Structures are given as structure tokens and as C-alpha cells.
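This briefing is for a reader who has not met the structure before. It covers two sheets, one helix pair and one helix, by topic.

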Amino acid sequence: MADEKDWLTGAAGRRFIASYSGGKDSSLALYRAMQTGKAIGIIVMLEEEGQRSRSHGMPPAIIQAQADAIGLPVYTAATSWDDYERKFTELLIQAREQGAEVLITGDLDVPEEDCWHERVAGGAGLVLGMPLWRMDHVEAVTAFIDLGFIAVVVTVNLSLGMSERDLGRQLDRDFVQELISRGIDPCGEGGEFHTTVIDGPLFRHPVPVRRGDIARHGKYAFLPLELQLQ
């Protein structure tokens with residue numbers, strides 16, 4: 001059962017490492033975990049070349065700027081999908097050796113049985129915490145917005161109802177209602193879209209970004225973001 005696994009409140013009173021994409025769900029999960037536990041860092045996995053994050057395609061400069069704004073160190077590794085689990089586990093072990101007891105993730109809909117995150121956390125000697133687990137999707141995105149987080153859409157799947165016009169839009173209540181009216185999950189849990197968080201209660205200051213030119217690859221369209229130097 002969920003309460004036996006302690007997935008919802010796993011961070012309470014413990015030191016933790018958080019898997020962090022830079023998007024809305026991982027940001028909300030990290031924020032909630034930090035209300036009851038002690039974060040020692042965030043994990044961000046990069047593509048093989050080390051130029052972009054695997055999850056949301058963010059450049060290392062923005063990842064570091066997010067981490068600096070949060071005030072946490074980044075645990076990172078460049079990896080292929082074939083080596084992903086091994087390198088992720090190595091980072092978890094490193095975090096455990098530095099005091100982490102829990103792995104926090106921003107997942108909402110993982111199954112209770114055969115959970116990948118639970119398996120890799122356990123393999124590294126950690127327990128799993130998922131503050132958003134089984135949360136209603138509209139409730140989750142509304143809580144994120146009402147806390148004052150600012151996120152922009154950076155990736156869209158054009159085959160799942162999203163449009164290039166959605167790129168760069170801020171995730172606010174009006175956009176959430178529009179997505180629902182279009183039959184799109186406002187959390188994007190089906191891979192409809194990804195976001196990058198640039199401000200909010202988790203951050204000590206906003207992350208300044210400038211927008212690049214839209215890129216396309218198959219059924220996906222991307223809005224590259226670059227760190228805007230002050």
C-alpha cells in the first residue's frame with residue numbers, strides 16, 4: 001500500500017536528493033519535499049554529448065542557473081539510454097555517501113508495483129519519495145500556479161493536440177482551461193508538452209532567459225532557451 005511505501009511523505013524529516021527536469025512537476029515536488037525534509041542536491045541527466053538535458057533538452061547553463069537560484073548543487077552525468085540506469089544509480093550512491101536518505105521525484109502516475117524509481121532508489125540504498133503521487137492532474141497544475149511558479153512551454157508533441165503556437169506560453173490558469181477544452185492533459189503526463197520553470201517560491205531569484213528560434217524534429221517542435229547574461 002502507498003502508506004506502507006511512504007511515497008507521499010518520504011522526505012519528512014530526512015535528507016534527500018531530487019531527480020530534477022527543470023519543469024513544473026519536478027519543481028513542485030522539490031518545493032513540497034523541502035517543506036518537510038532537507039535537500040542536498042538535484043540530479044539532472046544529460047544527453048551523451050553533455051549539451052542538453054535528457055528530459056527537457058535544456059542547456060547546462062540554464063540547468064546550473066536553476067540550481068543556483070534554488071541554492072542546491074547539481075549531480076549530473078552524460079549518458080545514453082543504454083547506460084542511463086547505471087549512471088543514475090551511481091549518482092544516487094554518491095548522494096547517499098554524502099548523506100541522502102531519500103530519492104524524490106515529481107511523478108504522478110507511476111504504478112505501485114514494478115516501479116523503476118523505487119527499484120533504482122533501493123539499489124542505491126535509498127527510499128523513494130513522490131510528493132505528487134496519485135495527485136489529480138488539474139489540482140497539481142493549479143497548485144503549482146497558485147504558489148507563484150512561472151513556467152513556459154518549451155516542447156510540444158504536434159501529434160497530441162499541441163501547436164507551435166503553444167511554445168513560449170506561460171502556464172497559467174487561462175492556459176490550463178484552454179488545454180482542458182482542447183482535450184489535453186494540463187499536466188502533459190502523456191508527453192503532450194514540457195515546460196521550463198524560470199521563477200517561483202523555490203527560487204531565490206528569477207532565471208533570466210532569452211528565446212531562440214523554434215526547431216522541429218518529426219512530430220515535435222522545440223523552443224530553445226538560452227541564459228541571458230546580466
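Axes here are lines fitted to C-alpha atoms, for helices over the stretch in contact, and angles run from 0 to 180 degrees between N-to-C directions. The model is predicted: local features need pLDDT of at least 70, side-chain atom pairs count only at pLDDT 80 or more, and totals for chains, interfaces and linings use all residues. Residues are numbered from 1 along each chain as its sequence is written, and side-chain values use heavy atoms, leaving out hydrogens and water. Helices (H or I, at least four residues) and strands (E, at least two) are DSSP runs, numbered from the N terminus.

**Helix 6 and helix 7**
- The axes of helix 6 and helix 7 (residues 173-181) come within 10 Å and cross at roughly 160°.
- That angle makes helix 6 roughly antiparallel to helix 7 (over 145 degrees;).
- The crossing of the two helices is right-handed (the near helix is turned clockwise from the far one by less than a right angle;).
- Contact means heavy atoms within 4.5 Å; Val138, Val141, Thr142, Ile145 and Asp146 in helix 6 meet Arg173, Val176 and Ile180 in helix 7.

**The sheet of 5 strands**
- This open sheet has the strand order 3-2-1-4-5, with parallel pairing (two strands pair if DSSP finds at least two bridges between them;).
- Strand 3 (74-78) and strand 5 (127-129) stand at the edges with a single partner strand each, so one side of each has no neighbour in the sheet.
- From one strand to the next, the twist averages 25°.
- Strand 1 and strand 2 pair in the parallel sense over 5 bridges, and Ser19 stands opposite Ile43 in strand 2.
- Helix 2 packs on the sheet, touching strand 1, strand 2 and strand 4, and its direction makes about 175° with that of strand 1.
- Helix 4 (residues 84-97) also packs on the sheet, touching strand 1, strand 2, strand 3 and strand 4; the direction of helix 4 makes about 160° with that of strand 2.

**Helix 2**
- Helix 2 (residues 24-36) has 13 residues and reaches 19 Å from its first C-alpha to its last, close to the expected 18 Å (1.5 Å times one less than its number of residues;).
- Its buried residues (under 20% relative accessible area, 1.4 Å probe, protein chains only;) include Leu28, Leu30 and Tyr31.
- Among the elements they pack against are helix 3 (60-70) and helix 6 (137-146).

**The sheet of 4 strands**
- This open sheet has the order 7-6-10-9, with antiparallel pairing.
- Strand 7 and strand 9 (215-217) are the edge strands, each pairing on one side only.
- Strand 6 (residues 150-157) is joined to strand 7 by 6 bridges, and Val153 stands opposite Thr195 in strand 7.

How values were computed
Buried means under 20% relative accessible area, exposed over 50%, partly exposed in between (1.4 Å probe, protein chains only). Angles under 35 degrees count as roughly parallel, over 145 as roughly antiparallel, 65 to 115 as roughly perpendicular and the rest as oblique.
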